[in-house]
Amino acid sequence: VVSGLGSGLVLTASAAKEYGELTASTDTGKKLQQWRFTPTGYSTSYKGFNLIKSIVSNGHGSLKASYIVIHETANPGATAKNHHDYWNNDDTYAVHYTLDWTGDCYYCVPGNRLCWQVGNGNAYVVGIELCHATNSYDFKKVWNAGIQWAAWQLKKNGWGIDRLLSHNDCRKKWGGTDHTDPDGYFAEFGKTWAQFKAAVKKSLS
């Protein structure tokens with residue numbers, strides 16, 4: 001649901017493209033106007049993941065991102081859909097994307113809307129939560145899909161590898177957060193952030 005105050009609001013073509021198909025709206029004469037959109041489902045399949053557009057939040061203001069940031073959920077075994085559904089009920093800390101070992105990548109918050117995710121760096125990043133696998137087989141799937149998602153985002157925006165950050169990088173760059181993910185999650189399965197970043201860089205070439 002996208003809401004706004006006033007009766008003179010106009011749903012632009014770009015907003016419709018961003019959110020999906022308009023299925024219902026309130027009386028435009030009401031003080032609070034709302035537009036509801038249907039999820040587009042498996043709208044696009046990319047190498048390594050299926051993008052499921054299902055907007056659950058309009059975020060906390062406008063955003064013009066210049067980086068992408070990688071998180072991990074710290075919620076072992078919970079899927080991307082689990083997190084999507086949770087954010088649908090409480091979107092306070094919803095993040096733009098979440099991805100799991102099934103290859104499902106939920107697009108939950110528009111890329112031009114701000115999420116509370118990296119403290120003082122919130123105004124600069126589009127983020128993804130990588131779901132926390134409980135075994136090496138599933139972790140490998142998340143790892144590979146995460147690499148492909150990051151490469152896709154960078155290519156889509158015309159950015160280089162210097163625009164890829166971890167939450168830990170954001171902590172050091174801007175402050176306002178004490179999180180160091182996804183370093184600990186990667187280490188649990190014998191991987192490092194440096195290896196992840198190198199794999200994304202390779203996928204860009």
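**Helix α4, the largest pocket and the aromatic pairs**

Gly-175, which directly follows α4, adopts a positive phi of about 75°. The model described here is predicted. Helix α4 itself spans residues 167-174, and its buried residues are His-167, Asn-168, Asp-169 and Cys-170. Among the elements that cover these buried residues are the strands β6, β9 (125-130) and β10 (164-166), together with the helices α5 (183-188) and α6 (193-204).

Strand β6 also takes part in the largest pocket: β6 (67-72) and α2 (80-89) each contribute at least two residues to its lining. The largest contribution comes from α2, with three residues. The pocket has a volume of about 420 Å³ and a lining of 22 residues, with Thr-73, Tyr-93, Val-95, Glu-129 and His-179 lying nearest its centre. By class, the lining comprises seven nonpolar, eleven polar and four charged residues.

Aromatic contacts form a further theme, with 19 aromatic pairs found in the whole structure. In one of them, Tyr-97 and Trp-152 meet edge-to-face, at 6.1 Å centre to centre and with 90° between the planes. This pair joins distant parts of the chain, since Tyr-97 belongs to strand β7 (residues 97-99) and Trp-152 to helix α3 (residues 136-157), 55 residues apart. Tyr-97 and Trp-152 are both buried. The pair of Phe-139 and Phe-189 is stacked, because the ring centres are 4.5 Å apart and the planes lie at 10°. Here helix α3 provides Phe-139, while Phe-189 lies in the loop between α5 and α6, 50 residues apart. Phe-139 counts as buried because its relative accessibility is 4%, under the 20% limit. Ring pairs further connect Phe-139 and Phe-189 with Trp-143, Tyr-185, Phe-186, Trp-193 and Phe-196 in a cluster.

Charged side chains also meet rings. Lys-156 lies over the face of Trp-152, 5.4 Å from the ring centre, and the charged end of Arg-163 sits over the ring of Tyr-67, 5.8 Å from its centre.

How values were computed. Residues numbered from 1 in each chain as written. Predicted model: local features only at pLDDT ≥ 70, side-chain atom pairs only at ≥ 80, totals over all residues. Heavy atoms only, no water. 1 Å grid on protein atoms, 1.4 Å probe; cavity = no way out; pocket = protein on both sides within 12 Å on 5 of 7 lines; lining within 4 Å. Points joined across faces, edges and corners; volume = space filled by probe spheres on them. Helix = DSSP H or I, 4+ residues; strand = E, 2+ residues; numbered from the N terminus. Nonpolar A, V, L, I, M, F, W, Y, C, P; charged D, E, K, R; others polar. Buried < 20%, exposed > 50% of the residue type's maximum accessible area, 1.4 Å probe, protein only. Contact = heavy atoms within 4.5 Å. Phe/Tyr/Trp six-rings, centres within 6.5 Å; stacked < 30°, edge-to-face > 60°. Lys NZ or Arg CZ within 6 Å of the ring centre and 35° of its normal.
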